[in-house]
Amino acid sequence: LFTHTWSVLSNMNEPRQDLGLIHINGKLYAIGGSGNNSWGTHSLVEEYDIANNSWSILIDGTGFDSNSSPIGSGYDGRNQEYFTECNGKLYSVSTSASNGGNLKLYESDDGINWTTHEADVGNAHHPTLVASETKVYMIGGDVGDNPDYFKEFDPVSHTFTDLAPHSYRFYGRYHTIYNGGNIFKFSYWGNPDSLEMYNINSNTW
């Protein structure tokens with residue numbers, strides 16, 4: 001960033017697209033995505049050591065599917081919007097409406113051991129995760145028991161809170177940015193030209 005030059009770094013152990021790439025505690029975590037190993041790729045977790053320019057496989061997803069993933073039952077992991085970071089922890093979310101059951105949030109501080117937190121709402125396909133400095137936010141996607149949910153998760157109390165609904169709902173996947181107490185949501189499926197801003201303090205869009 002200081003010299004404005006690019007450097008070639010070590011490749012991941014397995015090539016894939018649409019993965020979650022998260023930085024915590026001086027390391028990068030490459031989680032999920034789509035590649036040659038299909039469901040196994042969705043559960044693959046690699047850790048990049050910036051100081052040593054090296055990748056290590058933390059979870060080899062070979063042989064797992066959404067019901068048997070070591071990250072948690074109902075985990076999918078095929079798209080980058082399913083992942084976020086909050087206060088030094090990694091998060092992902094259950095995504096497959098066909099699996100049934102309630103919405104689940106998966107939490108880890110090392111990429112290997114994951115804890116499942118279950119919310120009192122049905123699952124939905126293609127949700128989006130975004131985080132502030134202290135909370136994790138889940139925005140429902142499309143189809144499923146309750147695709148329109150917007151929930152806040154408190155990592156300290158492990159509780160979920162329902163928040164004000166967003167306007168462009170039911171059919172969509174979103175890109176999100178958190179900045180200065182606001183969440184910006186860009187739709188790129190059902191309403192590709194929509195942009196909304198959520199203010200955390202006032203709980204309004």
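How many bridges join β18 to β19, and in which sense do the two strands run? I counted 5 bridges, with the strands antiparallel. I note at the outset that I am working from a predicted model.

**Entry 1: the chain as a whole**

I began with the overall tally. The protein chain has 1 helix and 19 strands. It holds 205 residues, and 48% of them count as buried. I then looked at contacts with a separation of 6 or more. Of these, 43% are between residues 24 or more positions apart. I put the accessible surface of the chain at about 9,900 Å². Carbon and sulfur atoms contribute 48% of that surface.

**Entry 2: around β18**

I went back to β18 and checked its other pairing. Strand β17, residues 174–179, pairs with β18 in the antiparallel sense, over 6 bridges. Asn-179 has Asn-182 in β18 as its bridge partner. On the β19 side, Asn-182 stands opposite Asn-199. I also looked at the turn. The hairpin of β17 and β18 has 2 residues between the strands. Gly-180 takes a positive phi there, near 55 degrees.

Next I asked which residue forms a salt bridge with Lys-185. The partner is Glu-196, with the closest N and O atoms 2.9 Å apart. Lys-185 lies in β18 (residues 182–187) and Glu-196 in β19 (residues 195–199), so this pair ties together parts 11 residues apart in sequence. Both Lys-185 and Glu-196 are buried.

**Entry 3: the other salt bridges**

I searched the whole structure and found 7 salt bridges. Side chains of opposite charge can pair when their charged atoms come close. I wrote up two more of them.

The first is Lys-151 with Asp-120, at 3.5 Å from N to O. Lys-151 sits in strand β15 (residues 150–154) and Asp-120 in strand β10 (residues 115–122), so the bridge ties together parts that are 31 residues apart in sequence. Is each partner buried or exposed? Lys-151 is buried, at 2% relative accessible area. Asp-120 is exposed, at 65%. This bridge also belongs to a network: salt bridges with shared partners join Asp-120, Lys-151 and Asp-162.

The second is Arg-78 with Asp-76. Their side chains meet at 2.9 Å, N to O. I checked burial here too. Asp-76 has 0% relative accessibility, so it counts as buried. Arg-78 has a relative accessible area of 27% and is partly exposed.

**Entry 4: an acid without a salt bridge**

Which buried residue has no salt bridge? I picked out Asp-49, in strand β5 (residues 45–49). The nearest side chain of opposite charge is Lys-27, at 4.5 Å. The salt-bridge cut-off is 4 Å, so Lys-27 falls outside it.

What does the side chain of Asp-49 have within reach instead? One of its polar atoms lies 3.0 Å from the backbone nitrogen of Ala-51. I then listed contacts, leaving aside neighbours within four places in sequence. Asp-49 is in contact with Lys-27 and Ser-54.

**Entry 5: recap**

I keep two pictures from this session. Lys-185 and Glu-196 are both buried, and they form a salt bridge between β18 and β19. Asp-49 is buried as well, yet has no salt bridge.

Note on methods. Residues are numbered from 1 along each chain as its sequence is written. This is a predicted model: local features need pLDDT of at least 70, side-chain atom pairs count only at pLDDT 80 or more; totals for chains, interfaces and linings use all residues. Side-chain values use heavy atoms; hydrogens and water are left out. Buried means under 20% relative accessible area, exposed over 50%, partly exposed in between (1.4 Å probe, protein chains only). Helices (H or I, at least four residues) and strands (E, at least two) are DSSP runs, numbered from the N terminus. Lys and Arg count as positive and Asp and Glu as negative; His and the chain ends are not counted. A polar contact is a pair of N or O atoms within 3.5 Å; within protein, one must be able to donate a hydrogen and the other to accept it, and residues adjacent in sequence count only if both atoms are side-chain atoms. Contact means heavy atoms within 4.5 Å. Accessible areas come from the Shrake-Rupley method with a 1.4 Å probe; for residues, only the protein chains shown count as cover. Two strands pair if DSSP finds at least two bridges between them.
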